[in-house]
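I opened the model to look up a few residues, a sheet and a helix pair. My notes follow in the order in which I looked.

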Amino acid sequence: MAILFAVAHPEIEVLGIGCVAGNAPLPQVVANTLRVLDAADAPAIPVAAGASRPLIEPARPSHVHGEDGLGGLDLPPSSRQVDPRHSVDLFRDLILQAAADGNGKATIVALAPQTNIALLLRQYPEVAEALERIVFMGGSASGGNATAVAEFNVWQDPEAAAVTIGSGAPTYMYGLDVFNAVEMPRAERDRLADSARVGEQVVAQLLTHPMADPDPENPDGYSGHIGDAGAVVALVDPEALLTRVHPVRVELEGASRGQTVVDRRVRHGEDAVHGSAATAHPVEVALGVDTARVNRVFLETIALLP
């Protein structure tokens with residue numbers, strides 16, 4: 001849904017897409033991306049394969065989006081060709097070219113484990129200064145979903161997330177605090193399902209897929225989350241979200257591994273007084289969201305798809 005929204009919105013230019021192992025293995029992610037671009041009737045957008053596993057941990061695919069990572073959505077195979085470059089090199093070329101063209105800096109929107117982003121920032125550190133910012137769907141200022149305290153994308157590769165927020169590039173965290181709040185009403189899902197437009201039909205099917213284990217209070221499994229698309233909506237309608245800049249660090253050890261520790265204190269604590277404060281970096285954190293407004297922007301944009 002994030003890709004469909006980004007392709008359709010007139011104020012967003014999608015320069016390229018890099019794929020990484022996350023909810024599904026890398027080859028499946030690449031195939032899914034090409035198929036979704038077809039569904040959006042997107043122009044030729046370079047798509048490159050990246051990391052097939054996190055920096056340290058083995059790959060750990062999730063059941064949340066089904067075996068195919070796309071909720072069982074039956075889209076036909078694509079004839080689009082994968083860019084021969086690794087995602088890291090694709091990103092470097094596109095970002096530096098955008099800066100050289102003088103048309104404004106590029107923004108990375110990271111909707112998966114941040115392995116590719118970390119590799120990019122380590123291999124080509126000069127890219128950080130050429131970026132407008134990095135918007136990532138991940139983390140949480142409250143609880144987690146992969147574990148009690150860790151959100152899936154950060155939990156999948158905590159070291160990569162730590163590299164990203166510590167890179168010096170401006171960062172924006174669209175975490176579970178707002179992700180879980182943006183639900184599309186069932187009536188809108190039904191309206192999309194009855195649409196003659198392919199894009200809206202695809203969105204309706206994706207909205208129907210339950211992004212969690214069966215809920216006894218929701219037996220038909222409808223979740224209605226627009227998911228990562230909300231992070232892309234934040235690009236074009238930032239006023240729809242309440243954000244604050246807070247120091248953030250990523251836990252890398254123990255039972256809290258993968259937790260994004262968002263320091264919302266207004267005064268220094270004992271850790272600072274006694275010199276034991278862990279290193280954290282300023283991140284713009286989304287803490288509240290106008291759900292109706294985000295849904296409206298999303299639906300108005302999706303309506304532009306063929």
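**Entry 1: cut-off.** I count a residue as buried when its relative accessible area is under 20%, and as exposed when that area is over 50%. The model I am reading is predicted.

**Entry 2: Phe5.** I looked up Phe5 first and found it in helix α1, which covers residues 2–8. Is Phe5 buried or exposed? Its relative accessibility is 0%, so I count Phe5 as buried. I then listed what Phe5 touches beyond its neighbours within four places in sequence: Ile12, Val232, Val233, Val236, Val297, Phe298, Thr301 and Ile302. I also checked the C-alpha distance from Phe5 to Ala229, which is 6.8 Å, although the two residues are 224 apart along the chain.

**Entry 3: helix α10.** Ala229 led me to α10, where I find six of the eight residues buried, and I note the helix as mostly covered. The buried ones are Ala229, Gly230, Ala231, Val232, Val233 and Ala234. What covers these buried residues of α10? I find that the cover includes α1, β3 (106–110), β4 (131–137), β5 (171–174), β6 and α12 (291–302).

**Entry 4: Asp237.** I moved on to Asp237, in the loop between α10 (229–236) and β6 (241–250). Asp237 has a relative accessibility of 11%, so I count this residue as buried too. Which side chain makes a polar contact with that of Asp237? I find the side chain of Arg293, at 2.7 Å. Apart from neighbours within four places in sequence, Asp237 is in contact with Arg293 and Val297. I had already written down Val297 as a contact of Phe5.

**Entry 5: the sheet.** I traced an open sheet of six strands with mixed pairing, in the order β3-β4-β5-β8-β6-β7. β3 and β7 stand at the edges with a single partner strand each, so each has one side without a neighbour in the sheet. Direction ignored, neighbouring strands of this sheet are turned by 35 degrees against each other on average. I also noted that α10 packs on the sheet and touches β3, β4, β5 and β6. The direction of α10 makes about 150 degrees with that of β4.

**Entry 6: strand pairs.** I went through three of the pairings. β5 and β8 run parallel and are joined by two bridges. Met173 stands opposite Val285 in β8. How many bridges does β6 form with β8 (residues 281–289)? I find eight, and the pairing is antiparallel. Pro247 has Pro282 in β8 as its bridge partner. β6 also pairs with β7 (residues 260–262), again in the antiparallel sense, over three bridges. For Val250 the bridge partner in β7 is Thr260.

**Entry 7: Gln156.** I looked up Gln156 in helix α5, which covers residues 152–156. Its relative accessibility is 1%, so I count Gln156 as buried. Where does the side chain of this buried residue find polar partners? It reaches the backbone oxygen of Gly22 at 3.4 Å. A polar atom of the Gln156 side chain also lies 3.0 Å from the backbone oxygen of Arg60. Leaving aside neighbours within four places in sequence, I list Gly22, Pro54, Glu57, Pro58, Ala59, Arg60 and Pro113 as contacts of Gln156.

**Entry 8: helices α4 and α6.** I checked how α4 (residues 115–123) and α6 (residues 158–165) meet. Their axes come within 8 Å and cross at roughly 50 degrees. I therefore record α4 and α6 as oblique to each other. The crossing is left-handed. The contact is made by Thr115, Ile117, Ala118, Leu121 and Arg122 of α4 with Ala160, Val163 and Thr164 of α6.

**Entry 9: Asp41.** My last lookup was Asp41, in the loop between α2 (26–39) and β2 (47–49). Asp41 has a relative accessible area of 57%, so I count this residue as exposed. Its phi is positive, about 55 degrees, although Asp41 is not a glycine. I noted this because most residues other than glycine have a negative phi.

Technical notes. Residues are numbered from 1 along each chain as its sequence is written. This is a predicted model: local features need pLDDT of at least 70, side-chain atom pairs count only at pLDDT 80 or more; totals for chains, interfaces and linings use all residues. Side-chain values use heavy atoms; hydrogens and water are left out. Helices (H or I, at least four residues) and strands (E, at least two) are DSSP runs, numbered from the N terminus. Buried means under 20% relative accessible area, exposed over 50%, partly exposed in between (1.4 Å probe, protein chains only). Contact means heavy atoms within 4.5 Å. A polar contact is a pair of N or O atoms within 3.5 Å; within protein, one must be able to donate a hydrogen and the other to accept it, and residues adjacent in sequence count only if both atoms are side-chain atoms. Two strands pair if DSSP finds at least two bridges between them. Axes are lines fitted to C-alpha atoms, for helices over the stretch in contact, and angles run from 0 to 180 degrees between N-to-C directions. Angles under 35 degrees count as roughly parallel, over 145 as roughly antiparallel, 65 to 115 as roughly perpendicular and the rest as oblique. A crossing is left-handed if the near helix is turned anticlockwise from the far one by less than a right angle, and right-handed if clockwise.
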